[in-house]
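Me: I am new to this structure and would like to go through some of its local features with you. Could you show me the sequence and the model before we begin?

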Amino acid sequence: MSRTGRSGSHRSKKKRITLALAPVAALGLAVPLMYSAGAATPDEVATDCRTDSDKLENCEFVDVQNKANSLGPNERVTSVTDNCGVSTPATKSFSGTASATRVIQLENGFGVDGSTKLGSSFFEIGVKFNTQEINIKRDDTTSSFSFTRSDTVKADHIAFFMWSHKRTDVSGFLRATYKEAQDGKTVFFSPSEGATSVHVFYPQLLNSGTPDGRLWLRNVQCGTPQANGLLNSTKSVRSEPGFGEGGANVTDVEIPLSDVSIE
């Protein structure tokens, strides 16, 4: 009889201990989950920086790498002149405008207003890379020049001018400081600390203040897919191959900017 009673008492104690521990264990699991839910993600950091969120104490661009004298997009800057079906070269007049603007590029791309905390940071970083040898455009206004010149269009070819501006490519990441702690921290990064996937392209300027770059005359053989695509395109801006990259039906001749009469 007494042995049976002791056995029942032992089972009851085990049950009471288990019930007492269960709420403590559940609470311990809930705490880290609660904090993790409030941590700013890299995408949220990028959005808060771009919109100059009131949640931020500051947001800044941290540079990691830089490369001067890189070339920007390949842009057609004059209309297409047609000399198709003609067996002799022709001298034609071309007029166009070449320009350059500071570009900020995240992994998904966005623009930043110069009055934001982040916009000010980009300007300050630009000061760092502005030297006696390389004069760069630090703000988000556009620098440009217009030109008019006569050049030779080859027999049975179309021709136009192409432009690619020179720029200093500075890459790094965003560092955001929040007013209130999230997950026990106030500083977060996008995409991550030490990354180089945020790019700021600062146009390089000549002493005159106009953009530096490569300007070239492109002749394209008539009747080829390249020429037909240009003549039939309804787009004012097309993606074009770079200098010397057009293929067998394309001839590129670079025009030194010192030879261009800038208007």
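What follows is a set of questions and answers on backbone geometry and salt bridges.

Reply: This is a predicted model, in which local features need pLDDT of at least 70 and side-chain atom pairs count only at pLDDT 80 or more, while totals for chains, interfaces and linings use all residues. Residues are numbered from 1 along each chain as its sequence is written, and side-chain values use heavy atoms, with hydrogens and water left out.

Me: Is the peptide bond from Ser 190 to Pro 191 cis or trans, and what is its omega?

Reply: Pro 191 sits in the loop between strand E9 (185-190) and strand E10 (198-205), where strands (E, at least two residues) are DSSP runs numbered from the N terminus. The bond that joins Ser 190 to Pro 191 is cis, and its omega is near -5°.

Me: Which strand holds Asn 69, and is Asn 69 buried or partly exposed?

Reply: The phi of Asn 69 is near 65°, a positive value in a residue other than glycine, and Asn 69 is found in strand E1 (residues 56-71). Buried means under 20% relative accessible area, exposed means over 50%, and partly exposed lies in between, with a 1.4 Å probe and protein chains only. Since the relative accessible area of Asn 69 is 44%, the residue is partly exposed.

Me: Where is Asp 156 placed, and what is its phi?

Reply: Asp 156 belongs to the loop between strand E7 (142-153) and strand E8 (157-182), and at 27% relative accessibility it counts as partly exposed. Its phi is a positive value in a residue other than glycine, near 55°.

Me: How many salt bridges are counted?

Reply: A salt bridge is a side-chain nitrogen of Lys or Arg within 4 Å of a carboxyl oxygen of Asp or Glu. By this rule, the count comes to nine.

Me: Which residue does the side chain of Asp 48 meet in a salt bridge?

Reply: Asp 48 is buried, with a relative accessible area of 9%, whereas its partner counts as partly exposed at 47%. The two side chains meet at 3.5 Å, N to O, and the partner of Asp 48 is Lys 55.

Me: How many residues apart in sequence are the parts that Arg 218 and Asp 252 tie together?

Reply: The side chains of Arg 218 and Asp 252 meet in a salt bridge at 2.8 Å, N to O. Arg 218 lies in strand E11 (residues 213-221) and Asp 252 in strand E12 (residues 250-255), so the pair ties together parts whose separation in sequence is 34 residues.

Notes:
Helices (H or I, at least four residues) and strands (E, at least two) are DSSP runs, numbered from the N terminus.
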